[in-house]
Amino acid sequence: MAEHHHHLFHHHKEDEQPVDAAVYSETTFVAGAGTEVDYKKEEKHHKHLEQLGELGAVAAGAYALHEKHQAKKDPEHAHKHKIEEEIAAAAAVGAGGYAFHEHHEKKEAKEEYEESHGKKHHHLFG
């Protein structure tokens, strides 16, 4: 019985490399563009996105506090204000999480820049 390998997504001959296979080298390239990655530009980009996330968290938190105040001030529509407060609080948490994510992306870009420029970086505690 002939041996048959079942590939779910990418069918290719055994001796061929698939078209979308990752090729690793010393220099990092942007997919499809063929240009070298500018780590400083990437770090700056993630810093701006981090700040945008922080701004979103502050704005949503302020709106949640406003709605909390409106619920006390307007007892007739208190239920509506409490719901909007909870939605704004959830948005603030989400924006904070996004800012946290971008902070780590920024740190990663900075580490990649330092590695690409020969700076030694010791990971002592993880």
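# Two-helix model: packing, salt bridges and burial

Helix α1 crosses helix α2 with left-handed geometry. The model is a predicted one. The protein chain has two helices and zero strands. Of its 126 residues, 18% are buried. Three salt bridges are counted.

**Helix packing**

- Helix α1 spans residues 39–73, and helix α2 spans residues 78–116.
- Their axes come within 7 Å of each other and cross at roughly 165°.
- The crossing angle is over 145°, so α1 counts as roughly antiparallel to α2.
- The contact of α1 with α2 involves 17 nonpolar, nine polar and 16 charged residues.
- Two numbers serve to describe such a pair in general: the angle between the axes and the distance between them.

**Contacts along the chain**

- Take the contacts in the protein chain between residues at least 6 apart in sequence: 56% of them join residues at least 24 apart.

**Salt bridge between the helices**

- Lys-106 and Glu-50 form a salt bridge, with their closest N and O atoms 3.1 Å apart.
- Lys-106 belongs to helix α2 and Glu-50 to helix α1, so this pair ties together parts that lie 56 residues apart in sequence.
- Are these two partners buried or exposed? Both Lys-106 and Glu-50 are buried.

**Salt bridge within helix α1**

- Glu-43 and Lys-40 meet through their side chains in a salt bridge, at 3.8 Å from N to O.
- Both residues sit in helix α1, three residues apart, which is about one turn of the helix.
- Glu-43 has a relative accessible area of 16%; that is under 20%, so Glu-43 counts as buried.
- Lys-40 has 42% relative accessibility and is therefore classed as partly exposed.

**Salt bridge within helix α2**

- Glu-84 and Lys-80 make a salt bridge, their closest N and O atoms being 3.7 Å apart.
- Both residues lie in helix α2, four residues apart, again about one turn of the helix.
- Glu-84 is partly exposed, at a relative accessible area of 24%.
- Lys-80 is also partly exposed, at 46%.

**His-46 and His-104**

- His-46 is a residue of helix α1.
- At 11% relative accessibility, His-46 is buried.
- Which residues does His-46 touch, not counting those up to four places away in sequence? They are Glu-102, Glu-105 and Lys-106.
- Lys-106 also takes part in the salt bridge with Glu-50.
- His-104 is located in helix α2.
- His-104 has 37% relative accessibility, so it counts as partly exposed.
- The C-alpha atoms of His-104 and His-46 are separated by 8.8 Å, although the two residues are 58 apart along the chain.

**Ala-99**

- Ala-99 sits in helix α2.
- Its relative accessibility is 8%, which means that Ala-99 counts as buried.
- Ala-99 touches Glu-50, Gly-53 and Glu-54, not counting residues up to four places away in sequence.
- Glu-50 is thus a contact of Ala-99 and a salt-bridge partner of Lys-106.
- How far apart are the C-alpha atoms of Ala-99 and His-48? They are separated by 9.7 Å, with these positions 51 residues apart along the chain counted as their spacing.

**Lys-47**

- Lys-47 lies in helix α1.
- Lys-47 counts as partly exposed, with 41% relative accessibility.
- The C-alpha atoms of Lys-47 and Lys-107 are 9.3 Å apart, and the residues are 60 apart along the chain.

**Recap**

- The helices cross at roughly 165°, in a left-handed sense.
- Lys-106 and Glu-50 pair across α2 and α1, while Glu-43 pairs with Lys-40 and Glu-84 with Lys-80.
- His-46 and Ala-99 are buried, whereas Lys-47 and His-104 are partly exposed.

Terms used:
Residues are numbered from 1 along each chain as its sequence is written. This is a predicted model: local features need pLDDT of at least 70, side-chain atom pairs count only at pLDDT 80 or more; totals for chains, interfaces and linings use all residues. Side-chain values use heavy atoms; hydrogens and water are left out. Axes are lines fitted to C-alpha atoms, for helices over the stretch in contact, and angles run from 0 to 180 degrees between N-to-C directions. Angles under 35 degrees count as roughly parallel, over 145 as roughly antiparallel, 65 to 115 as roughly perpendicular and the rest as oblique. A crossing is left-handed if the near helix is turned anticlockwise from the far one by less than a right angle, and right-handed if clockwise. Ala, Val, Leu, Ile, Met, Phe, Trp, Tyr, Cys and Pro count as nonpolar, Asp, Glu, Lys and Arg as charged, and the others, Gly among them, as polar. A salt bridge is a side-chain nitrogen of Lys or Arg within 4 Å of a carboxyl oxygen of Asp or Glu. Buried means under 20% relative accessible area, exposed over 50%, partly exposed in between (1.4 Å probe, protein chains only). Contact means heavy atoms within 4.5 Å.
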